[in-house]
Amino acid sequence: AIEAVISLPSGLLTGSAIPTSVLVLNTKKQSQQIHFVNADSEQFCTSATKKRAELTQIDVLVKLARRVERSPIAVSVQPEQVRSNDFNLEVGRYVLDDAAQKLEQILADLPLARLGEHVEIIRSRQHSTSSSGVAVREVQASDIPDFGAIVSASKDSLFDLSSPKAKTYFLQAGDILLAIKGSVGKVGIVPQAPPAGEGGWVAGQSFVVLRSLKDASYESKALLVYLRSEIGQALLSRLVVGASMPTIQLASLKDLGIPSISQEAMSTASEILEHEVRIQQEIQQLRSKQASLASALWTL
């Protein structure tokens, strides 16, 4: 049985900078609680050679793991709580830092709904390089600007229209793209898209598509503004698993909390996004004007 999980600073392993964790196992008896210790901080490491670190205060870590000392960076958790988190052993799920504690206080006063109640979560088309099919365009992480409105799809790709549910993979106006691999948490919305079929847009393989359910009352633009907010990004980061390839699991994404807000508040959030889009269009026009000012001088 698992006695303790200790998250360690990154840079401890030769040839790798990824963070690591230690599992303390008991082969003789079942654990009544699992002790989580967050040692991923400068308190427990010191710089060594290039990109390397050395673990320090090991005696303190041993005492924390054995529950000899109490600390805000260590907590004991019932197995039922771990089970409710899909047996996720990420220490950050259970040991909350100051920012996470502040977030918990905010969420306690915020009425929340489940993301899965308002959107269909569509996994992007998983495929290998194909030599046949119609030409389509794939949206990549680099196509999503900071303000979130996607205006282009940069990657050429081929798509088999005879595949099952082929048209569901083509992006529609109002679809939200959320990166669940690599650039986890990056989010954008499709204001408008070409028709499904040749020349249509599809999501890159690192994304899921959040498509509003027919009877949903949550506006896509308002949802986008929330997901890219500090609270939305903090909640998404909690769902991340894996060190070498950060990933969000679809099952946990369905239960992501989104605020239950009034129609007026939803309209305000949507108007904010529309205003940002107009500002970006003005910026692009000014850039074009700026580039043309001296374009007629000293030409070849």
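Leu171 is buried in this predicted model, its relative accessible area being 3%. The residue sits in the loop that links β10 (155-159) to β11 (176-179). Beyond its neighbours within four places in sequence, Leu171 is in contact with Val139, Leu177, Val190, Ala193, Pro194, Trp201, Val202, Ala203, Val209 and Arg211. One of these residues, Ala193, lies 22 residues from Leu171 along the chain, and the two C-alpha atoms are separated by 6.6 Å.

A second loop residue, Arg125, is placed between β8 (119-123) and β9 (134-139). Is Arg125 buried or exposed? With a relative accessible area of 11%, Arg125 counts as buried because the limit for that class is under 20%. Its side chain makes a polar contact of 3.3 Å with the side chain of Ser157. In addition, a polar atom of the Arg125 side chain lies 2.9 Å from the backbone oxygen of Leu158. Apart from neighbours within four places in sequence, the contacts of Arg125 are Val136, Glu138, Ser157, Leu158, Phe159, Tyr169, Val202 and Gln205. Val202 is thus among the contacts of Arg125, and Val202 is also among those of Leu171.

The two loop residues are set out below.

| Residue | Loop | Relative accessible area |
|---|---|---|
| Leu171 | between β10 (155-159) and β11 (176-179) | 3% |
| Arg125 | between β8 (119-123) and β9 (134-139) | 11% |

Helix α5 spans residues 230-238, and within it Gly232, Leu235 and Leu236 are buried. These residues lie on the same side of α5 because they cover an arc of only 100° around the axis. An α-helix has 3.6 residues a turn, so residues three or four places apart point the same way.

Helix α5 also contributes to a pocket: together with α2 (79-84), α3 (98-108) and α6 (250-254), α5 gives two or more residues to the lining of the second largest pocket. This pocket has a volume of about 490 Å³. Which residues lie nearest the centre of the second largest pocket? Of the 21 residues that line the pocket, these are Asn85, Arg93, Arg238, Leu239 and Asp255. By class, the lining comprises 8 nonpolar, 8 polar and 5 charged residues.

For the chain as a whole, the secondary structure comes to 7 helices and 17 strands. The C-alpha trace spans about 70 × 55 × 45 Å along its principal axes. Of the 300 residues, 35% count as buried. Among contacts with a separation of 6 or more, 69% are between residues 24 or more positions apart.

Notes:
Residues are numbered from 1 along each chain as its sequence is written. This is a predicted model: local features need pLDDT of at least 70, side-chain atom pairs count only at pLDDT 80 or more; totals for chains, interfaces and linings use all residues. Side-chain values use heavy atoms; hydrogens and water are left out. Buried means under 20% relative accessible area, exposed over 50%, partly exposed in between (1.4 Å probe, protein chains only). Helices (H or I, at least four residues) and strands (E, at least two) are DSSP runs, numbered from the N terminus. The arc is that of the directions from the helix axis to the C-beta atoms. A polar contact is a pair of N or O atoms within 3.5 Å; within protein, one must be able to donate a hydrogen and the other to accept it, and residues adjacent in sequence count only if both atoms are side-chain atoms. Contact means heavy atoms within 4.5 Å. On a 1 Å grid over the protein atoms alone, a cavity is a set of points where a 1.4 Å probe fits but cannot get out, and a pocket is an open set with protein on both sides within 12 Å along at least five of seven lines; lining residues have an atom within 4 Å of a point. Grid points are joined across faces, edges and corners, and a volume is the space filled by probe spheres set on the points. Ala, Val, Leu, Ile, Met, Phe, Trp, Tyr, Cys and Pro count as nonpolar, Asp, Glu, Lys and Arg as charged, and the others, Gly among them, as polar.
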